[in-house]
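Please read the following account with the sequence and the model side by side. It proceeds from paired strands to sheets, and then to buried residues.

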Amino acid sequence: MNNWKFCLKNVLTEIRGIKVKENSMCGIFGCILKTGTAAPIIHQALKRLEYRGYDSVGEATIHEGKLFIKKDSGKIDEVHKLHNLDDMPGSIGIGHTRWATHGAPLKENAHPHVDCGGQIAIVHNGVIENFSQIKLELENKGHTFQSKTDTEVIAHLIEEAFKKNSSLRLADAVLEAVKRLEGSYAIAVISTNEPDKIVCARNESPLILGLAEEGLYCASDIPAILPITRRIINVDDGELVILTAEEFEIRKIADLSIVTREIKIIDWTPEMAVKQGYPHFMLKEIREQAACLRNTLRLQEHYLDLMSTFLDRSKEVFLVACGTSYHACLAASYMFSKLAYLATYPVIASEFVEQHGKSVNIDSTVLAVSQSGETADTIAAVNAARLRAATILGLTNVIGSTLTRISRVYICQQSGPEIGVAATKTFTSQLSVLAQLALRLAKKRGKISQDEMDYIEAKLKKIPEVVDLVINTQEEKVRLLARKYRDAKLFFFLGRGISTATAYEGRLKLMEIAYVPALAFPAGESKHGPISLIEKGVPAIFICPKDDTRKAILGNIMEMKARGATIITLVEEGDNEIKSFADDYIELPKGIPDVLSPIPYVIPLQLFAYYMAVEKGYDPDKPRNLAKSVTVQ
Ligand code: M6R
């Protein structure tokens, strides 16, 4: 282990169009030069990674055996204005741009993080699941922590490894540390004891190396490196890397065997690089959903516990949100009812004051759901409820947002920045968090059996795989469907039970980015009016998972078909009966519990809206008249 050898015996190959599958959340960068100053290069690279997160930023360099650190909360330009991020000595350094998941966006939580001795600095992208346990253990050994982050434990674990054996090399100590970690990470570490090396490691979070004449680099993503060099190396899960200014070595963490890897030549434009080779952010974000869902499975248990305690104590629970987040609330009301036997009331935020403003009180709880945490209608509803002493719980993607400041307890959906105006990955992440909350509450209230709970939990763990499977097997079919129905003037989206929420969300996506008028409602309502709009060839999309609503929805399909509608179904594999009545269908995997079905079933609808917009020549990322965050009432 003490015998690290460096090698650069990789074959040069030309690769076009690499797609990196991962979720955006924090960006890391490392730079080690033969001569010159690293800080300005790190600063510029972080600017190019800002799309991955932008609530705090920091850099660390080493010069003449001393560690220099500058970091603060705020966007890179703001922090640079205050601290001059270029003005740091040394030809080696690391940097980080943050999207908070553990700990608020404060200076002390910004990366890099250091050990007690201030000799080791680390930047990290990912979530360490077992950090609380490690932190406690290290605190008992005398380590003092400066931040509330999960990352800081890694710096102290490395320090602890050195304490036990002072003759260790930095790479050995990092290796010992990462072996303790559960969760996802891409890290870059520097130490004053070995000021000529950067050590990196990766598990589930992206990491690449950049090779140039002037030095070597590591980064979360291609855009950071692109203007410096087009020669990159992918680092895989379970690998550890040592970089010097001239050479690099990759080893497997498990058995230390040396890895040889081809160098790739990237021919992307900077714009393509930010979208990781995808034509639009929306498609990139749709494809990121499995990774985002994996992140949601790493929530901090005590927040779920605390929130479920508040929900359990309340006399009435309102689920308050707008747009897509409202649809997540609607789905959640079925989850809470079916799993925890708790009645909850989904309310569109802009209606909350008129509908419940006078009755909401100290015994009410408002669970506000907002990706941005800034939506004016949602914040106004929450403020009205606060004035009447209701308990406010928040679910958001942005720690530090207004919603997190006014919530009694909040939880982060951990999906990373979403750039496309249409909410996609944030919807499925919200659903996963809400399902976990409902399960936690079910446990507290003892309403469903342990077997049922274990079954749903096991299925939830598999949901990321299911989502990837749906994308991989159905995307092309959905694209062709969009081509076929490109000129339809009106769509119906119909579901029953929890699939009503899926139907509403499918309609919203199609309307907002492809500008096609569409109706959505619980399928049972057809005969109470809307069916009069059906005439020959109107496409009706039915969401038909094999749950308790299947028989009834089959009846609704027949009603529509008899009146000339063109039937498109989202159907479970092998459900030949429903397929036999459909003009077109998309198949979803078997065995998805009804409470989780909106997660995979919404995927074809997101893709359908996306390809409809593309077919019609619209930019799905920038729909007319809309903004990502609606901060006016
Ligand atoms: O940030 P929020 O979740 O509060 O945003 C709510 C809505 O504005 C948002 O979901 C909007 O409907 C999206 N454009 C839907 O794709």
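Two strands are said to pair if DSSP finds at least two bridges between them. In this predicted model, strand 5 (residues 92-98) offers an example: Ile92 in strand 5 is the bridge partner of Ile62. Seven bridges connect strand 5 with strand 3, and the two run antiparallel. Ile62 also has a bridge partner in strand 4, namely Leu67. Strand 3 and strand 4 (residues 66-73) are likewise antiparallel, joined by eight bridges. Strands of a sheet pair through backbone hydrogen bonds, in either a parallel or an antiparallel manner.

Strand 3 and strand 4 form a hairpin with two residues between the strands, and in this hairpin Glu64 has a positive phi near 45°. How much of strand 3 (residues 56-63) is buried? Seven of its eight residues are, so that the strand is mostly covered.

The discussion now turns to parallel sheets. One open sheet consists of five strands in the order 18-17-19-20-21, with parallel pairing. Strand 18 (344-348) and strand 21 are its edge strands, each pairing on one side only. From one strand to the next, the twist averages 20°. Within this sheet, strand 17 (residues 316-321) runs parallel to strand 19 (residues 364-370), and five bridges join them. One bridge can be located by its residues: Glu316 has Ser364 in strand 19 as its partner.

Two helices pack on this sheet. Helix 12 (residues 349-356) touches strand 17, strand 18 and strand 19, and its direction makes about 115° with that of strand 18. Helix 13 (residues 376-387) touches strand 17, strand 19 and strand 20 (391-396), and its direction makes about 165° with that of strand 19.

Beyond strand 21 (409-412) comes a loop that leads to helix 15 (425-445), and Ser415 is located in this loop. Is Ser415 buried or exposed? Ser415 counts as buried because its relative accessibility is 0%. Its side chain makes a polar contact of 3.1 Å with the side chain of Gln413.

Another open sheet of five strands has the order 23-22-24-25-26, again with parallel pairing. Its edges are strand 23 (518-522) and strand 26 (584-588), each of which pairs on one side only. Here the twist averages 15° from one strand to the next. Strand 22 (residues 491-495) and strand 24 (residues 539-544) pair in the parallel sense over three bridges, and Phe493 stands opposite Ile541 in strand 24.

Helices also lie across these strands. Helix 16 (residues 450-484) crosses strand 25 (566-572) and strand 26, running at about 165° to strand 26. Helix 17 (residues 499-514) lies across strand 22, strand 23 and strand 24, and runs at about 170° to strand 23.

The next topic is the nonpolar interior. In soluble globular proteins, nonpolar side chains tend to be buried together. The largest nonpolar core in this model has 87 residues, of which Phe336, Leu367, Phe491, Phe493, Leu510 and Phe608 touch the most other members. Helix 20 (residues 598-615) supplies the largest share of this core, 12 residues. Leaving aside residues up to four places away in sequence, the contacts of Phe491 include Tyr485, Leu510, Val516, Ile541, Phe608 and Met612. Apart from this core lies another, of 31 residues, among them Leu138, Leu157, Val189 and Ala201.

The cysteines may be considered next. How many disulfides does a search of the whole structure find? The search finds zero. For Cys200, the nearest cysteine sulfur is that of Cys218, 3.6 Å away, and Cys200 is in no disulfide. Cys200 is buried because its relative accessible area is 0%. Cys329 is also in no disulfide, and the nearest cysteine sulfur, that of Cys322, is 9.4 Å away. At 1% relative accessibility, Cys329 is likewise counted as buried.

A final residue to examine is Lys135, which belongs to helix 3 (residues 131-140). Why does Lys135 count as buried? Its relative accessible area is 16%, and buried means under 20%. Not counting residues up to four places away in sequence, Lys135 touches Phe145, Ser147, Lys148 and Val153. Between Lys135 and Thr61 there are 26 Å in space, C-alpha to C-alpha, and the two are 74 residues apart in sequence.

Methods: Residues are numbered from 1 along each chain as its sequence is written. This is a predicted model: local features need pLDDT of at least 70, side-chain atom pairs count only at pLDDT 80 or more; totals for chains, interfaces and linings use all residues. Side-chain values use heavy atoms; hydrogens and water are left out. Helices (H or I, at least four residues) and strands (E, at least two) are DSSP runs, numbered from the N terminus. Buried means under 20% relative accessible area, exposed over 50%, partly exposed in between (1.4 Å probe, protein chains only). A polar contact is a pair of N or O atoms within 3.5 Å; within protein, one must be able to donate a hydrogen and the other to accept it, and residues adjacent in sequence count only if both atoms are side-chain atoms. Axes are lines fitted to C-alpha atoms, for helices over the stretch in contact, and angles run from 0 to 180 degrees between N-to-C directions. Contact means heavy atoms within 4.5 Å. A nonpolar core is a set of buried Ala, Val, Leu, Ile, Met, Phe, Trp, Tyr and Cys residues joined through side-chain atoms within 4.5 Å. A disulfide is a pair of cysteine sulfur atoms within 2.5 Å.
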